[in-house]
Amino acid sequence: GAMPGGVWQLPGFEQGLFEVQDEGSQLIALATEAAPGERIVDYCAGRGGKTWALASLVAPDGVVHVWDVDEDAKRQVMGARAQKNGAAGLVRVLEEAPSPATLLADAVLVDAPCSSTGALR
């Protein structure tokens, strides 16, 4: 039968040993061809599924700048969740949407329309 509480109750989840992630999030992060030391912008980041994959690609010296229209989603990407995922030093949440005129990045991932409905297919 199904485990009460689902995958989030498995040993290791709270310690950040794994993250539940949609296959599409993994594939699109790989499609950026992000490499160690690069600067990536995850625009319309939602709750960070792609962010964590990107952080693992740019580690240990890169950075993933994160922005989303949903303030709650941005708060979830900051702090404890980034710490748990080992990405606290790699992920920086932007307070304002980045301006194309001042944006300096090796890749920009835009998950338009930034509707926070990424889980729907």
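**Surface, fold and salt bridges**

Reader: Let's start from the outside: what does the accessible surface of the protein chain come to, and what share belongs to carbon and sulfur atoms?
Author: Bear in mind that this is a predicted model. The accessible surface of the protein chain totals about 7,200 Å². Of that, the part belonging to carbon and sulfur atoms is 56%.

Reader: In what pattern do the helices and strands follow each other along the sequence?
Author: The chain has 4 helices and 4 strands to put in order. Reading along the sequence, you get α-β-α-β-α-α-β-β.

Reader: And what is the radius of gyration of the protein chain?
Author: With the pattern α-β-α-β-α-α-β-β in hand, let's turn to overall size. The globule rule gives 14 Å for 121 residues, and the chain comes close to that, so it is as compact as a globular protein of that length. Along the principal axes, the C-alpha atoms fill a box of roughly 55 × 30 × 25 Å. The radius of gyration itself is 14 Å.

Reader: Of the contacts with a separation of 6 or more, what share comes from residues 24 or more positions apart?
Author: As background, 33% of the 121 residues are buried. Now take the contacts with a separation of 6 or more, and pick out those between residues 24 or more positions apart: they account for 66%.

Reader: How far apart in space are G5 and T32, C-alpha to C-alpha?
Author: G5 sits in the segment before α1, and its relative accessible area of 48% makes it partly exposed. T32 is in the loop between α1 (23-31) and β1 (39-43). In sequence the two are 27 residues apart, and in space the C-alpha to C-alpha distance is 33 Å.

Reader: Which residues is T32 in contact with, leaving aside neighbours within four places in sequence?
Author: There's a local partner to mention before those: the T32 side chain reaches the backbone oxygen of A29 at 2.6 Å. A29 is within four places of T32 in sequence, though, and is left aside here. What remains is L54, A107 and L109.

Reader: Which residues form the nonpolar patch on the surface?
Author: One member is V108, in strand β4 (residues 107-110). A patch residue needs over 30% relative accessible area, and V108 is partly exposed at 42%. Together the members have about 220 Å² of accessible area, and they are L103, V108 and V110.

Reader: On to charges: how many residues apart in sequence are the parts that D70 and R47 tie together?
Author: The structure holds 4 salt bridges, one of them joining the side chains of D70 and R47 at 3.8 Å, N to O. D70 lies in the loop between β2 (63-67) and α3 (71-77), and R47 in the loop between β1 and α2 (49-58), so the separation in sequence is 23 residues.

Reader: Is K50, the salt-bridge partner of D111, buried or exposed?
Author: The closest N and O atoms of D111 and K50 are 3.0 Å apart. This pair links distant parts of the chain, with D111 in the segment after β4 and K50 in helix α2, 61 residues apart. D111 is partly exposed at 33%. The cut-off for buried is under 20% relative accessible area, so K50, at 8%, counts as buried.

Reader: Roughly what separates K74 and E71 in helix α3?
Author: Their side chains meet in a salt bridge at 3.1 Å, N to O. K74 is buried at 2%, whereas E71 is partly exposed at 42%. Since they are 3 residues apart in helix α3, the separation is about one helical turn.

Reader: Which residues do salt bridges with shared partners join into one network?
Author: Side chains of opposite charge can pair when their charged atoms come close. Within the network, D70 is partly exposed at 23%, and R47 is partly exposed at 35%. E71, partly exposed at 42%, has its own bridge to look at above. The network itself consists of R47, D70 and D72.

Reader: Last one: which residues is N85 in contact with, leaving aside neighbours within four places in sequence?
Author: N85 lies in the loop between α4 (80-84) and β3 (91-93). Its relative accessible area is 19%, so it falls under the 20% cut-off and counts as buried. Its contacts, without those sequence neighbours, are G16, E19 and W52.

Terms used: Residues are numbered from 1 along each chain as its sequence is written. This is a predicted model: local features need pLDDT of at least 70, side-chain atom pairs count only at pLDDT 80 or more; totals for chains, interfaces and linings use all residues. Side-chain values use heavy atoms; hydrogens and water are left out. Helices (H or I, at least four residues) and strands (E, at least two) are DSSP runs, numbered from the N terminus. A polar contact is a pair of N or O atoms within 3.5 Å; within protein, one must be able to donate a hydrogen and the other to accept it, and residues adjacent in sequence count only if both atoms are side-chain atoms. Contact means heavy atoms within 4.5 Å. Patches are made of residues with over 30% relative accessible area and no salt bridge: like charges are joined within 9 Å, nonpolar side chains (Val, Leu, Ile, Met, Phe, Trp, Tyr) within 5 Å. Accessible areas come from the Shrake-Rupley method with a 1.4 Å probe; for residues, only the protein chains shown count as cover. Buried means under 20% relative accessible area, exposed over 50%, partly exposed in between (1.4 Å probe, protein chains only). The radius of gyration is taken over C-alpha atoms; the globule rule is 2.2 Å times the number of residues to the power 0.38.
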